[in-house]
Amino acid sequence: MKRLHPIEIAPSLLAADLANIASEVRKVEQAGAPVLHFDVMDGHFVPNISMGVPVLASLRKATSMAVDAHLMIERPEEYIEAFAKAGADRILVHQEATVHLDRVLAQIREMKVEAGVVINPGTPVAALGEVLDKVDTVLVMSVNPGFGGQSFIPGAFAKIRELSELRSRYNYAFRIEVDGGVGLENVAELVRAGADTLVAGTTIFRSPDPAAAFRQMRDLAHDALTQKV
C-alpha cells in the first residue's frame with residue numbers, strides 16, 4: 001500500500017534537559033529531525049504541568065523545525081490563537097478535552113495551522129467518526145497522558161491499524177501519529193501498522209547521544225517501511 005506521508009521521528013521536548021533547551025533542540029535538528037513534539041500540560045486535564053506559550057515563542061526563534069503542539073489541556077479552544085501566534089505549525093487537541101471538537105478543529109485551521117485530534121488509550125477510534133475528514137493528523141496515545149517514560153500500551157497497535165484501514169477505504173489524508181513508550185523495540189512494528197509520525201522522548205533525549213539515538217530510530221523506521229513494501 002502506498003504511503004501518503006513520509007515517516008517522521010518527532011523528538012519530544014518533554015524528555016529534554018530544559019535547562020539547556022536550545023542546545024538539546026539543536027542536536028536533533030542537526031541530526032535531521034523534521035518536527036519537534038511540544039507537550040503542553042495544565043495540571044487539570046492531566047496530572048502534571050509543563051511548558052506553555054512563552055516557551056514555544058522563544059523556541060520558535062531557535063529552530064526551523066516544525067513544531068507539533070500537543071495540547072493536553074482543558075478548554076483548548078481558549079488557547080488556540082495564542083499557540084498559533086507563538087509559532088506552532090500543528091496543533092493537536094484531545095477528543096476528551098472539549099465538547100465542541102468540530103468547532104475547535106475549524107478554529108485551528110482558520111489560524112492557518114495544521115489541525116490534529118488526539119485519543120487517549122480508553123477512547124475508541126469510532127469516537128472520531130465525524131471529524132476524520134477534517135483533520136491533518138490523528139494522534140494515538142499509547143500511554144495515559146501526563147508523564148514521560150511510561151510503558152507502551154499494546155492496544156495502540158489495533159487503533160493504528162484501524163485508522164490506516166479507514167484512511168485507505170475513504171481516501172482520507174490524515175497523518176497517523178503515535179505518542180508514548182515509543183522506542184527502538186517497537187518502532188518497526190508501529191511503522192508496519194501504519195504510523196507515520198513516531199513521538200520519542202526518553203529514547204532520544206535521555207540517551208548519551210540524542211543525535212545518534214534519533215538516527216537509529218529513523219533508520220529502523222525506514223528499514224521497516226522498505227520491508228513492508
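This passage describes the salt bridges, the aromatic pairs and the largest pocket of a predicted model.

Side chains of opposite charge can pair when their charged atoms come close. In the predicted structure, the count of such salt bridges comes to 14. One of them joins the side chains of Arg169 and Glu165, with a distance of 2.7 Å from N to O. These two residues stand four residues apart in helix α5, so about one helical turn separates Arg169 from Glu165. Arg169 has a relative accessible area of 48% and is therefore partly exposed, and Glu165, with a relative accessible area of 37%, is likewise partly exposed. Shared partners also occur among the salt bridges, and in this way Glu8, Arg90, Glu114 and Arg175 are joined into one network.

Helix α5 also contributes to a salt bridge between the side chains of Glu189 and Arg161, for which the distance from N to O is 3.7 Å. This pair links distant parts of the chain, since Glu189 belongs to helix α6 (residues 187–193) and Arg161 to helix α5 (residues 156–170), with their positions 28 residues apart in the numbering. Glu189 is partly exposed, because its relative accessible area is 35%, and Arg161 is partly exposed as well, because its relative accessible area is 41%. A further salt bridge is found between the side chains of Glu78 and Arg75, at 3.0 Å from N to O. With a relative accessibility of 41%, Arg75 counts as partly exposed.

A pair of aromatic rings is described by the distance of the centres and the angle of the planes. Three aromatic pairs are present in the structure. In the pair formed by Phe152 and Phe157, the ring centres are 5.0 Å apart and the planes lie at 50 degrees, so the arrangement is tilted. Phe152 and Phe157 are both buried. The pair of Tyr170 and Tyr172 is also tilted, with 5.7 Å from centre to centre and 35 degrees between the planes. The two tyrosines fall on opposite sides of the 20% limit below which a residue counts as buried: Tyr172 has a relative accessible area of 19% and is therefore buried, whereas Tyr170, at 45% relative accessibility, counts as partly exposed. Together with Phe174, the residues Tyr170 and Tyr172 form one aromatic cluster.

The largest pocket of the model has a volume of about 380 Å³. It is lined by 28 residues, of which Phe147, Gly148, Gly149, Gly181 and Thr202 are the closest to its centre. The elements that supply two or more residues to this lining are the strands β2 (35–41), β3 (66–72) and β8 (197–200), together with helix α7 (202–205). When the lining residues are grouped by class, eleven are nonpolar, 13 are polar and four are charged.

A last position considered here is Ser58, which is placed in helix α2 (residues 53–60). Ser58 counts as partly exposed, because its relative accessibility is 47%. In sequence, Ser58 and Arg109 are 51 residues apart, while in space the separation from C-alpha to C-alpha is 23 Å.

Terms used. Residues numbered from 1 in each chain as written. Predicted model: local features only at pLDDT ≥ 70, side-chain atom pairs only at ≥ 80, totals over all residues. Heavy atoms only, no water. Salt bridge = Lys/Arg side-chain N within 4 Å of Asp/Glu carboxyl O. Buried < 20%, exposed > 50% of the residue type's maximum accessible area, 1.4 Å probe, protein only. 1 Å grid on protein atoms, 1.4 Å probe; cavity = no way out; pocket = protein on both sides within 12 Å on 5 of 7 lines; lining within 4 Å. Points joined across faces, edges and corners; volume = space filled by probe spheres on them. Nonpolar A, V, L, I, M, F, W, Y, C, P; charged D, E, K, R; others polar. Phe/Tyr/Trp six-rings, centres within 6.5 Å; stacked < 30°, edge-to-face > 60°.
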